[in-house]
Amino acid sequence: SLFGFKTANEYREFRNYLYSRKYSMGTLKYSAFFPLPFFPFSCYTSCTGTAMPSTNDKENFMKLNPDCIRDILLTAEDTCDFSTPWTYDKDKEKSSFLANYSHEEIVYHIRQCYASDLIDGVQFYEDGSTVYIGDLTPDGHEFLANIRNDTFFNKVKAIAEELGVTSLNNLSQIAVNCAALIIKSHFGLP
């Protein structure tokens, strides 16, 4: 057997799966695992206590969801203060903002917020079962301020969808530009 796999294809599929799951890679760095090319499936199962999710599960949460991003930022703003981080724990009750999202979707989007410098002080533990978030960054505060209003946020999402640009950076730029247009309109500026 190849590192605990029955076939080379099974090994390659698992290796590719791990490479594609960037959000979980942050949790692996805190553990003493083998390098990815030699990471046997049996280690994943015994160390995480769960079987590798199917690719169908991955497709459900690996698509950027602007609503989830916004709700994560709202939760962080509501929960964090100077000395208290937000602790997300999959086994505890979710905040009212995050009640409609799966654990995988929340952790994936926390990772995206962190990678986009919207939140800081992020630490993943126990394969993402527990995540500590220190606070919103200045960029996170600005982005959230621009999308806080439901009506305005829905317009930003509609513009992004119409243009076919759904990255966090593009959503942020659209929000900033829409806010600037509203401000100009309010003051009667061209």
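The second largest pocket in this predicted model is lined by Ser116, Leu118, Asp139, Glu142, Phe143, Leu168, Asn169, Ser172 and Val176. Its volume comes to about 150 Å³. If you sort the lining of this pocket by class, you find four nonpolar, three polar and two charged residues. The nonpolar members include Leu118 and Phe143, while Asp139 and Glu142 are the charged ones.

Where does the largest share of this lining come from? Helix 9 supplies it, with four residues. Helix 9 spans residues 168-187, and Leu168, Asn169, Ser172 and Val176 of the lining fall in that range. Helix 7, covering 138-147, also gives at least two residues to the lining, as helix 9 does. Asp139, Glu142 and Phe143 are lining residues within the range of helix 7.

Let's follow helix 9 to Phe187, which is placed in this helix of residues 168-187. Is Phe187 buried or exposed? Phe187 counts as exposed because its relative accessibility is 60%, and the cut-off for that class is over 50%. Together with Ile183 and Leu189, Phe187 makes a nonpolar surface patch of about 340 Å². Helix 9 therefore takes part in two features on our route: it contributes four residues to the lining of the second largest pocket, and it holds Phe187, which counts as exposed at 60% relative accessibility.

Back at the pocket, Ser116 and Leu118 are both in the lining, and the residue numbered between them is worth a look for its backbone. Asp117 has a phi near 60°, a positive value in a residue other than glycine. Asp117 sits in the loop between helix 6 (103-115) and strand 2 (119-120). With a relative accessible area of 40%, Asp117 is partly exposed.

A second aspartate invites the same kind of inspection. For Asp127, phi is near 55°, again a positive value in a residue other than glycine. The loop that holds Asp127 runs between strand 3 (123-125) and strand 4 (130-133). Asp127 is partly exposed too, with a relative accessible area of 24%.

Finally, step back to the whole chain. How many helices and strands does the chain have? There are nine helices and five strands, and along the sequence they follow the pattern α-α-α-α-α-β-α-β-β-β-β-α-α-α. Of the chain's 190 residues, 37% count as buried, that is, they have under 20% relative accessible area.

Key: Residues numbered from 1 in each chain as written. Predicted model: local features only at pLDDT ≥ 70, side-chain atom pairs only at ≥ 80, totals over all residues. Heavy atoms only, no water. Patch = residues over 30% accessible without salt bridge, like charges linked within 9 Å, V, L, I, M, F, W, Y side chains within 5 Å. Areas by Shrake-Rupley, 256 points an atom, 1.4 Å probe, with all protein chains shown as cover. Salt bridge = Lys/Arg side-chain N within 4 Å of Asp/Glu carboxyl O. Buried < 20%, exposed > 50% of the residue type's maximum accessible area, 1.4 Å probe, protein only. 1 Å grid on protein atoms, 1.4 Å probe; cavity = no way out; pocket = protein on both sides within 12 Å on 5 of 7 lines; lining within 4 Å. Points joined across faces, edges and corners; volume = space filled by probe spheres on them.
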